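Biologist: Before I take any label on trust, I'd like to hear the rule behind it. Can we go through them together?

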Amino acid sequence: MIRLASFLIALFMVTASTWAQTPAFDAEKYVPSYALTIPQGWGVERMGVPIDFAPSIPYKGVEDLRFAPGWSNPKANDYWTYAFLWHLEGRPESNPQTIEKNLTAYYNGLIGRNIEKRKIPKEKLVQVKVKIKQAATDKGDLQTYSGTIDMLDYMAQLPITLNCVVHIKLCPLEQNNTFMFYEISPRPADNSIWKELNNLWTTFECSKATSK
């Protein structure tokens with residue numbers, strides 16, 4: 001028993017030391033290896049993965065977001081329009097079921113952290129429902145998906161359906177990393193805002209070394 005206790009204490013100390021040596025993600029100091037444009041007027045936010053409000057998503061890397069100018073303006077054409085890139089370690093599994101599971105956790109967490117802050121009453125909460133299907137593969141993608149996210153718009157406190165397109169890409173110069181890019185908007189596919197979202201992806205360079 002003494003030996004077992006000593007072993008457990010030693011294991012805890014090693015684990016604690018490892019945690020202590022893992023630096024927290026610093027968005028101010030982050031220098032991406034890729035090139036993801038920032039259109040004029042668009043907002044930027046970056047955070048580490050695992051994501052604090054969705055820790056069940058089992059990835060490691062960085063989330064890099066782009067918010068349309070009218071993201072938070074309910075009268076704007078680009079309300080709730082944004083995109084986010086996951087630059088991830090390894091080769092995470094990609095299929096409709098996995099994407100649905102991850103986006104459900106993502107939006108449940110995003111809404112959950114806004115309930116108290118925005119004083120959202122329980123009767124206004126709606127279940128997050130994500131539906132994803134495989135789409136025709138876009139040029140340069142490993143896989144492409146599309147679908148919808150039914151959820152609570154926590155800003156207007158009303159139900160909303162977000163349309164989404166998901167791109168999976170591998171980079172020859174980053175053999176141990178994967179890029180997942182999500183385009184999000186409540187607007188239909190023929191709305192002009194999708195040209196702006198798509199342009200973020202078509203101009204994306206997975207390595208700055210390949211940028212012109």
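Modeller: Let's begin with pairing: two strands pair if DSSP finds at least two bridges between them. Helices (H or I, at least four residues) and strands (E, at least two) are DSSP runs, numbered from the N terminus. This is a predicted model, where local features need pLDDT of at least 70, side-chain atom pairs count only at pLDDT 80 or more, and totals for chains, interfaces and linings use all residues. Residues are numbered from 1 along each chain as its sequence is written, and side-chain values use heavy atoms, with hydrogens and water left out.

Biologist: How do you know that strand β3 pairs with β7?

Modeller: The rule asks for at least two bridges, and eight join β3 (residues 82–89) to β7, with the strands running antiparallel. One example is H87, whose bridge partner in β7 is F179.

Biologist: What makes β6 and β7 a pair?

Modeller: Nine bridges, again antiparallel. V166, for instance, has Y182 as its bridge partner in β7. A hairpin through two residues joins β6 to β7.

Biologist: Why is C164 called buried?

Modeller: Buried means under 20% relative accessible area, exposed over 50%, and partly exposed in between (1.4 Å probe, protein chains only). C164 has 3%, so "buried" is the right word.

Biologist: And what makes β7 largely enclosed by the rest of the structure?

Modeller: Ten of the twelve residues of β7 (residues 174–185) are buried, so that description holds.

Biologist: How do you know that C171 and C206 form a disulfide?

Modeller: The two cysteine sulfur atoms must lie within 2.5 Å. For C171 and C206 the S to S distance is 2.3 Å, so the pair passes. The count by this rule is one disulfide. C171 sits in strand β6 (residues 158–171) and C206 in the segment after α3 (193–202), 35 residues apart, so the pair links distant parts of the chain. Both C171 and C206 are buried.

Biologist: Why is this disulfide called right-handed?

Modeller: Because the torsion about the S-S bond of C171 and C206 is about 65°.

Biologist: What makes something a nonpolar core?

Modeller: It is a set of buried Ala, Val, Leu, Ile, Met, Phe, Trp, Tyr and Cys residues joined through side-chain atoms within 4.5 Å. The largest one has 40 residues, of which W80, Y106 and Y107 touch the most other members. Helix α2 (96–115) is among the elements that each supply at least two residues, and α2 gives the most, with seven.
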